[in-house]
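Okay, everyone, thanks for coming. Let me put the model up, and then I'll walk you through a few parts of it.

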Amino acid sequence: MKTFTKIVALFSVAVLCSCNVQKKVVYLQDFEQNEIIKMAENYEVRIKPNDRLKIIVTSKNPELASPFNSGVAYNALAHSEKAYTTSANGDMSLQTRTVRPDGKLEMPIIGDIECSGKTRNELALAIAEKIREGKYISDPIVNVQFADMKITVMGEVTRPGQFDVVRDEITILDALAMAGDMTIYGERDAVAVIRKIDGKSVVNYLDLRKKETLASPFYHLQPNDVVYVKPNRYKSANAEINQNRSFWISIVSTLVSVATLVTTIVLNTSK
């Protein structure tokens, strides 16, 4: 009877430990089935100063669109999102323009255009409208892409690094998936998102175990955001133990080497 009681007790402890571990590693634990969560507004990626953009203007008449692209060579542009410009050595490279610190972009022919705070689609529509207003082209089609939109994921993830983003909408869960997800040692209740706002770095911590994270303005990432997953206390403790162990092993190894050398010298001298 006592043996059975012990088995039941051990089983209960194992179940409780399993539930505790699950609470620490499962995402969005308090999310009910079919529950609707209101997302933060204006989560689409928006253009800001110093962003590098690929802007291509096309038309049924390529000759009319050519001046707006500074020598772009056309290759079925009406059916493709890619456009190219030929460099001096004959290589093909994507046309890029940089947003000035004042939030404006200089376009050929039509001049400066305000783009800070706009989405890619909003900027494309604004450029097309300005071209039509100037009566340069009656049917302009404008394509805007980010030239170097990247997200950095660091810390306790399987594959930390910098990742190219090709969509206007990317969430912190998308970024973690690109990095191979968190390791078992990652703190899911305090994932940091570091973002530059008005020239200052802002850090916001998200609890990925709770549904309220979905409504955070930091749940949807922006270009050049940095996601940092810090290690939990178990990983930190193990790292400290391993570091101390390596230190003492090194000290003992050095002392043994010195003792061996001294012994060898004494023995040779006595002979």
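Before I get to a hairpin, one definition: two strands count as paired here if DSSP finds at least two bridges between them. And keep in mind that this is a predicted model.

So, the hairpin. It is formed by β9 and β10, with five residues between them. The two strands pair in the antiparallel sense over four bridges. If you want one pair to click on, Lys 150 has Asp 164, in β10, as its bridge partner.

While we're at β9, have a look at Val 153. Leaving out residues up to four places away in sequence, Val 153 touches Pro 160, Gly 161, Phe 163, Ala 175, Leu 176, Ala 179 and Val 227. Val 153 will come back in a minute.

Let me zoom out quickly. We have five helices and 13 strands in this protein. There are 271 residues, and 29% of them are buried. Take the contacts between residues at least 6 apart in sequence: 60% of those join residues at least 24 apart.

Now my main exhibit, α3. That's residues 120–133, so to speak a run of 14 residues, and from the first C-alpha to the last the helix reaches 20 Å, close to the 20 Å expected at 1.5 Å a residue. Which residues of α3 are buried? They are Leu 123, Ala 124, Ile 127, Ala 128 and Ile 131. Looking down the axis of α3, you'll find those buried residues within an arc of 130°, so they line one face of the helix. Flip to the other side, and Asn 121, Leu 125 and Glu 133 are exposed.

And what covers the buried residues? The cover includes β1, β6, β7 and β8. α3 lies across β1 and β8, and runs at about 145° to β8. Just after the helix comes Lys 135, with a positive phi, near 60°.

That takes us to the sheet underneath that discussion. Three strands make an open sheet, in the order β5-β1-β8, with antiparallel pairing. β5 and β8 are at the edges with a single partner strand each, so one side of each has no neighbour in the sheet. Between β1 and β5 there are two bridges, antiparallel again, and Leu 53 stands opposite Arg 97 in β5.

Okay, the core. In soluble globular proteins, nonpolar side chains tend to be buried together. Here the largest nonpolar core has 44 residues, and those touching the most other members are Leu 53, Ile 55, Leu 123, Ile 127, Val 153 and Ile 172. So there's Val 153 again. Several elements supply at least two residues each, among them β1, β6, β8, β9, α4, β11 and β13. α3 gives the most, with five residues.

Last stop, Asp 189. You'll find Asp 189 in the loop between α4 and β11. Is Asp 189 buried, exposed or partly exposed? With a relative accessible area of 33%, Asp 189 is partly exposed, since buried means under 20% and exposed over 50%. Now look across to Asp 207: the two are 18 residues apart along the chain, yet their C-alpha atoms are separated by 3.9 Å. Not counting residues up to four places away in sequence, Asp 189 touches Leu 206, Asp 207, Leu 208 and Arg 209.

That's my tour, so over to you for questions.

Key: Residues numbered from 1 in each chain as written. Predicted model: local features only at pLDDT ≥ 70, side-chain atom pairs only at ≥ 80, totals over all residues. Heavy atoms only, no water. Expected span 1.5 Å × (residues − 1). Buried < 20%, exposed > 50% of the residue type's maximum accessible area, 1.4 Å probe, protein only. Arc of directions from axis to C-beta. Contact = heavy atoms within 4.5 Å. Axes fitted to C-alpha atoms, helices over the stretch in contact; angles between N-to-C directions. Core = buried A, V, L, I, M, F, W, Y, C linked by side-chain atoms within 4.5 Å.
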